[in-house]
Amino acid sequence: MRAIAIDRFGGPEVLVIHELPVPRIAPQEVLIASDTAGVGIWDAKARDGAWAESDRFPLILGADGSGVIAAIGSNVKRLSIGDRVYACSYNNPKGGFYAEYVAVAASKVAPIPDGLDMVRAGALPTIALTALQGVDDALGIEEGESIIVHGASGNVGMLAVQFAKRKGARVLATASGKDGMKFVRRLGADEAIDGKADDIKAAANEFAPDGINAVLAFIGGKELTRCLDALRKGGRLAYPNGVEPEPRKRQGIRVKAYDGVPGVRAFEQLERAIEESKLQVPIAAKFKLADAADAHRRIEKSHVLGKIVLRA
């Protein structure tokens, strides 16, 4: 099979085409003929070695994607050959989605929800699970609560805005630039501000005079500190592991760091949320598999509104 793999850590230029064996599946795995692979900043950090958990080369990147099941292991009952699926498997020991075929544990694979095409389904799993589990599980957002989604114009944030609105929350979104503010308003934010240029605390005080109930943060630093200044006593902060610098704990604020975790129930929860929120999945750019290096150069420029994907 064709795959984009690296033989050493480095810049985007280390992403090159390889001819590699199709991975063999274990009894609890499925083989997916890939259609679309999501491209995230975590892929770039794995490529340059910053977040790599394996130095076995050649290393195929790609934490998530979509495709059609080409084979199933003997213990797999929930899925069938020919199913249209999407999946999430970070640091998969048998290789990621930057390939024509990928072997994935069946527990990390789910049928594509109705209404999603292959491209949007392939863009979703990692960012959608992270956004949803932040809103529903880490924060437990309830109807009528106010929430700051900090970093809302990023890939995870753009979905978190929509999932928070699904719960009936009032959403104040911090975004990057005027185009980012316009972007998150279009996705449902009640109010949007420029996280670097505007006075976050003043905007939050106007938005929720009695204090903000919760902050879901995808960016750290001094701007996040200003978001926390707007929290009411007993307020909640949640952020995915990997946000840097990691926020300091504060007295009177409940803080939870979490990971977006795939699983059968997690995908069932996600399917319901996609349907209930009528989820929009903006796509910023599509690249051919052979052009993965260009996709990485694009994502490392930052200020990408929407998801970047590779097509197999």
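1. A point to start with on this predicted model is Lys278, which is exposed because its relative accessible area is 68%, and exposed here means over 50%. Lys278 sits in the loop between H8 and strand S15 (283–288). Its backbone also deserves a look, since phi of Lys278 is near 50°, a positive value in a residue other than glycine.

2. Asn91 can be read alongside Lys278, for phi of Asn91 is near 55°, which is again positive in a residue other than glycine. The loop that holds Asn91 runs between strand S6 (84–88) and strand S7 (101–105). With a relative accessibility of 31%, Asn91 counts as partly exposed, because that class lies between the 20% limit for buried residues and the 50% limit for exposed ones.

3. On the overall architecture, the secondary structure of the protein amounts to nine helices and 16 strands. The radius of gyration is 19 Å, close to the 20 Å that the globule rule gives for 312 residues, and the protein is therefore as compact as a globular protein of that length. Taken along the principal axes, the box filled by the C-alpha atoms is roughly 60 × 40 × 35 Å. Of the 312 residues in the protein, buried residues make up 56%.

4. Two peptide bonds that lead into proline should be checked by eye in the model. The bond from Phe57 to Pro58 is cis, with omega near -5°, and Pro58 is placed in the loop between helix H1 (41–47) and strand S4 (59–60). The bond from Glu244 to Pro245 is cis as well, with omega near -10°, and Pro245 belongs to the loop between S13 and strand S14 (254–258).

5. The structure holds 13 salt bridges, and one of them joins Arg166 to Asp136, with the closest N and O atoms 3.2 Å apart. This pair links distant parts of the chain, as Arg166 is in helix H4 (residues 155–166) and Asp136 is in helix H3 (residues 125–138), 30 residues apart. The partners fall into separate accessibility classes: Arg166 counts as partly exposed because its relative accessibility is 23%, whereas Asp136, at 16%, counts as buried. The pair should also be viewed together with Glu276, because Asp136, Arg166 and Glu276 are linked in a network of salt bridges.

6. Which residue meets the side chain of Arg236 in a salt bridge? The partner is Glu145, and the N to O distance is 2.8 Å. The two come from distant parts of the chain, with Arg236 in strand S13 (residues 231–240) and Glu145 in the loop between H3 and strand S9 (146–150), 91 residues apart. Arg236 is buried, with a relative accessible area of 10%, and Glu145 counts as buried at 14% relative accessibility; a student may find it useful that both values fall under the 20% limit.

7. The salt bridge between the side chains of Asp294 and Arg297, at 2.8 Å from N to O, has its partners three residues apart in helix H9 (residues 292–300), so they are separated by about one helical turn. Asp294 is partly exposed, with a relative accessible area of 36%, and Arg297 is also classed as partly exposed, at 38% relative accessibility.

8. Another residue of helix H3 that merits attention is Gln133, which is buried because its relative accessible area is 8%. The C-alpha atoms of Gln133 and Ala238 are separated by 9.9 Å, although the two residues are 105 residues apart along the chain.

9. The last point concerns charge on the surface, where Asp114, Glu268, Glu271 and Glu275 gather in a patch of negative charge. Among these residues, Glu268 lies in helix H8 (residues 264–277). Why does Glu268 count as partly exposed? Its relative accessibility is 41%, and this value lies between the 20% and 50% limits that bound the partly exposed class.

Conventions: Residues numbered from 1 in each chain as written. Predicted model: local features only at pLDDT ≥ 70, side-chain atom pairs only at ≥ 80, totals over all residues. Heavy atoms only, no water. Patch = residues over 30% accessible without salt bridge, like charges linked within 9 Å, V, L, I, M, F, W, Y side chains within 5 Å. Areas by Shrake-Rupley, 256 points an atom, 1.4 Å probe, with all protein chains shown as cover. Salt bridge = Lys/Arg side-chain N within 4 Å of Asp/Glu carboxyl O. Lys, Arg positive; Asp, Glu negative; His and termini not counted. Charge placed at Lys NZ, Arg CZ, Asp CG, Glu CD. Helix = DSSP H or I, 4+ residues; strand = E, 2+ residues; numbered from the N terminus. Buried < 20%, exposed > 50% of the residue type's maximum accessible area, 1.4 Å probe, protein only. Rg over C-alpha atoms; globule rule 2.2 N^0.38 Å.
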